[in-house]
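Colleague: Hi! Could we go through this one together?
Modeller: Happy to, here it comes.
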Amino acid sequence: MNIILLGPPGAGKGTQARNLVDTRDMIQLSTGDMLREAKDSGTEMGKIVADVMARGELVTDEIVIGLIREKLEGDKQGGFIFDGFPRTLAQADALATLLAECGESLDAVVEMQVDDDALVDRITGRYTCGNCGEVYHKTTKPEAVDGTCDKCGAQDMKHRADDNEESLRTRLMEYYKKTSPLIGYYYAKGQLKSVDGLGEIAEVQSAIAGALDG
Ligand code: AP5
Ligand code: MG
């Protein structure tokens, strides 16, 4: 099964993608994570995207489509979860072509609906394990032992450079201008499944399972 998790910054795409990896042996393809890796390892592409990402703007379609193309050539396991991709209509068209080229198709697009006030709270309270990428929140999902990752035991919690109110405003604007048209695009194709993303993490997980299996 190949699915897209669609939603604004902080909607919970990464959190739910990791749940799907654990429960369904799927592969998470997060273009945000791939771009941050490129930035941290100092590649040419990483240098180009660093400022754009810190401001909260979208990087070019060409770069992210190239990243996804490489990943689709590898092992497919229980299918792909596209997390944060596509974000423009051009990326959506490119994804359809890339999937067709490797004999795959899209099974569902899960839209996670969360209002702006909750997004600000989620983004400003988020931190991530620098070793394994587990996502935490200071009130809704704190680690059991202060500063130690529940999943891998590392002591390397990190905040993202774009997790501040100014960048978030730009990220939200980019989402409403360039990404939200995908809701209508996938609705028209009969692939859209919308879930309430405002409940607790486990509730949202059940809603997504219901949308995928129902
Ligand atoms: P990206 O990394 O994709 O960021 P984003 O879309 O802004 O989304 P986030 O990762 O911030 O949020 P999320 O929905 O994953 O939420 P999470 O699960 O972490 O992209 C970053 C940048 O890279 C972009 O701005 C752009 O520059 C570039 N980029 C990436 N892809 C691109 C593309 N395709 N095209 C062009 N540019 C691209 O959860 C957030 C917090 O909430 C966490 O603390 C979590 O613990 C908590 N939480 C989660 N669920 C719940 C819940 N149900 N209840 C309470 N708390 C919850
Ligand atoms: Mg994410």
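Modeller: One term before we start: a residue is called partly exposed when its relative accessible area falls between the buried limit of under 20% and the exposed limit of over 50%. And keep in mind that this is a predicted model.

Colleague: Thanks! Is K158 buried or partly exposed, then?
Modeller: K158 counts as partly exposed because its relative accessible area is 43%. K158 makes a salt bridge with D156, with 3.0 Å between the closest N and O atoms. D156 is partly exposed too, at 30%.

Colleague: How many salt bridges are there?
Modeller: The count is 14 salt bridges. Another of them joins R18 to E134, where the closest N and O atoms are 3.0 Å apart. In sequence those partners are 116 residues apart: R18 belongs to helix α1 (residues 13–24), while E134 sits in the loop between β5 (126–129) and β6 (135–137).

Colleague: Are R18 and E134 buried or exposed?
Modeller: R18 is buried, at 18% relative accessibility, and E134 is buried as well, with 12%. The limit for buried is under 20%, so R18 qualifies at 18%.

Colleague: What else does E134 form a salt bridge with?
Modeller: E134 also forms one with K151, at 3.9 Å between the closest N and O atoms. K151 lies in the loop between β6 and β7 (157–158), 17 residues from E134. K151 is partly exposed, with a relative accessible area of 45%.

Colleague: Which residues are linked in that network of salt bridges?
Modeller: The network consists of R18, D22, E134, K141 and K151. K141 has another role here: K141 lies over the face of Y136, 5.3 Å from the ring centre.

Colleague: What does the ring of Y136 pair with?
Modeller: Y136 pairs with Y127. Their ring centres are 5.9 Å apart and the planes meet at 15°, so the pair counts as stacked. Both tyrosines are buried.

Colleague: How many aromatic pairs does the whole structure have?
Modeller: The search finds 5. One of them is F80 with F82, a tilted pair with 6.0 Å centre to centre and 45° between the planes. F80 has a relative accessible area of 0%, and F82 has 0% as well. Ring pairs also bring in F85, giving a cluster of F80, F82 and F85.

Colleague: Switching to the nonpolar core: which residues touch the most other members in the largest one?
Modeller: That core has 30 residues, and I4, L29, I68, L72, F82 and Y186 touch the most other members. Elements giving two or more residues to this core include β1 (3–6), β2 (27–30), α4 (61–72), β3 (80–83) and α8 (181–188). There is also a second, separate core of 21 residues, with A118, L172, I208 and A211 among them.

Colleague: What is I68 in contact with?
Modeller: Leaving aside neighbours within four places in sequence, I68 is in contact with L29, T31, M34, F82, F85, L95 and L98.

Colleague: Last topic: how many disulfides are there?
Modeller: The count is 0.

Colleague: Why don't C129 and C152 have a bond?
Modeller: Their sulfurs are 3.7 Å apart, too far for a bond, because a disulfide needs the two sulfur atoms within 2.5 Å. C152 is the cysteine whose sulfur is closest to that of C129, and the reverse holds too. C129 is buried, with a relative accessible area of 3%, whereas C152 is partly exposed at 34%.

Technical notes
Residues numbered from 1 in each chain as written. Chains lettered and ligands numbered in written order. Predicted model: local features only at pLDDT ≥ 70, side-chain atom pairs only at ≥ 80, totals over all residues. Heavy atoms only, no water. Core = buried A, V, L, I, M, F, W, Y, C linked by side-chain atoms within 4.5 Å. Buried < 20%, exposed > 50% of the residue type's maximum accessible area, 1.4 Å probe, protein only. Helix = DSSP H or I, 4+ residues; strand = E, 2+ residues; numbered from the N terminus. Contact = heavy atoms within 4.5 Å. Phe/Tyr/Trp six-rings, centres within 6.5 Å; stacked < 30°, edge-to-face > 60°. Lys NZ or Arg CZ within 6 Å of the ring centre and 35° of its normal. Salt bridge = Lys/Arg side-chain N within 4 Å of Asp/Glu carboxyl O.
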